[in-house]
Amino acid sequence: LFDCTQVNAGIVGVVLSTSHPVNLPSTVADGRFDSATDLNSTALIALPVIGSQGRVLGVLEACDSINTFSTTDEQLLLLLCSLLAPRIELDESRRLARRDHHM
């Protein structure tokens with residue numbers, strides 16, 4: 001999971017700016033792939049983790065050097081993202097509460 005405040009290039013940047021998954025059967029053939037920010041692999045899928053207010057909280061990226069990602073894989077990973085989002089929001093709330101308490 002990538003912190004959305006740290007990355008604005010490559011596939012992660014595309015997912016952050018569009019809020020849509022990207023499923024690449026081959027990273028070699030895609031000009032959006034940035035080896036400086038994206039994982040090194042043949043097939044890559046990146047999905048937004050979207051919070052309750054519609055804000056992209058992060059990007060979940062998975063790679064595979066042998067197989068491509070199917071629609072079923074994408075649906076499963078989107079489900080995982082939906083389960084991650086509330087936990088990330090809870091963690092953000094707790095972090096802000098601790099910060100405010102220490103001020």
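This is a short walk through one protein chain, from its overall layout to a few individual residues.

Let me say at the outset that what we are looking at is a predicted model, and that the residue numbers I use count from 1 along the chain.

I will begin with the overall layout. The chain contains two helices and four strands, and if you follow the chain from the N terminus, these elements come in the order β-α-β-β-β-α. Of its 103 residues, 32% count as buried, while the surface that the chain exposes amounts to about 6,500 Å², with carbon and sulfur atoms supplying 55% of that area. As for how the chain folds back on itself, if we take the contacts with a separation of 6 or more, 50% of them are accounted for by residues 24 or more positions apart.

Let us turn to helix α1, which spans residues 10-18. Which of its residues are buried? In this helix, G10, I11, V12, G13, V15 and L16 are buried. Right after α1 comes S19, which sits in the loop between α1 and β2, the strand at 22-24. S19 deserves a moment of attention, since this residue has a positive phi of about 65 degrees although it is not a glycine. As for its surroundings, S19 is partly exposed, its relative accessible area being 27%.

Next, the strands β3 and β4, which cover residues 43-50 and 56-64. These two strands pair in the antiparallel sense, and the pairing extends over eight bridges. To give you one pair to look for on the screen, I45 has A62 in β4 as its bridge partner. The hairpin that β3 and β4 form has five residues between the strands, and in this hairpin G54 takes a positive phi, near 85 degrees. Further along, in strand β4, we find G58, which is buried, with a relative accessible area of 0%. The C-alpha atom of G58 lies 9.0 Å from that of I88, although the two residues are 30 positions apart in sequence.

That brings us to helix α2, which runs over residues 71-101, and I would like to go through it by way of its side chains. E74 is placed in this helix, and at a relative accessible area of 22% E74 is partly exposed, a value that falls just on that side of the boundary because buried means under 20%. What is E74 in contact with, once its neighbours within four places in sequence are left aside? The answer is P21, N23, I45 and L47. With N23, the C-alpha separation is 7.9 Å, and yet the two residues are 51 positions apart along the chain.

Also in helix α2 is L79, which is partly exposed at 47% relative accessibility. Together with L76 and L83, L79 makes a nonpolar surface patch of about 320 Å².

Now to charged side chains. In general, side chains of opposite charge can pair when their charged atoms come close. How many salt bridges does a search of the whole structure find? That search finds two. One is formed by R55 and E92, whose closest N and O atoms are 2.7 Å apart. This pair links distant parts of the chain, since R55 belongs to the loop between β3 and β4, whereas E92 belongs to helix α2, 37 residues away. Both partners are partly exposed, R55 at 44% relative accessibility and E92 with a relative accessible area of 23%.

The other salt bridge joins the side chains of R95 and D91, at 3.1 Å from N to O. Here both residues lie in helix α2, four residues apart, which is about one turn of the helix. Again both are partly exposed, with 45% relative accessibility for R95 and a relative accessible area of 33% for D91.

Finally, a word on cysteines. C63 is partly exposed, with a relative accessible area of 36%, whereas C81 is buried, at 2%. How many disulfides are there, if two cysteine sulfur atoms have to lie within 2.5 Å of each other? By that rule the count is zero.

Technical notes: This is a predicted model: local features need pLDDT of at least 70, side-chain atom pairs count only at pLDDT 80 or more; totals for chains, interfaces and linings use all residues. Side-chain values use heavy atoms; hydrogens and water are left out. Buried means under 20% relative accessible area, exposed over 50%, partly exposed in between (1.4 Å probe, protein chains only). Contact means heavy atoms within 4.5 Å. Accessible areas come from the Shrake-Rupley method with a 1.4 Å probe; for residues, only the protein chains shown count as cover. A salt bridge is a side-chain nitrogen of Lys or Arg within 4 Å of a carboxyl oxygen of Asp or Glu. Two strands pair if DSSP finds at least two bridges between them. Patches are made of residues with over 30% relative accessible area and no salt bridge: like charges are joined within 9 Å, nonpolar side chains (Val, Leu, Ile, Met, Phe, Trp, Tyr) within 5 Å. A disulfide is a pair of cysteine sulfur atoms within 2.5 Å.
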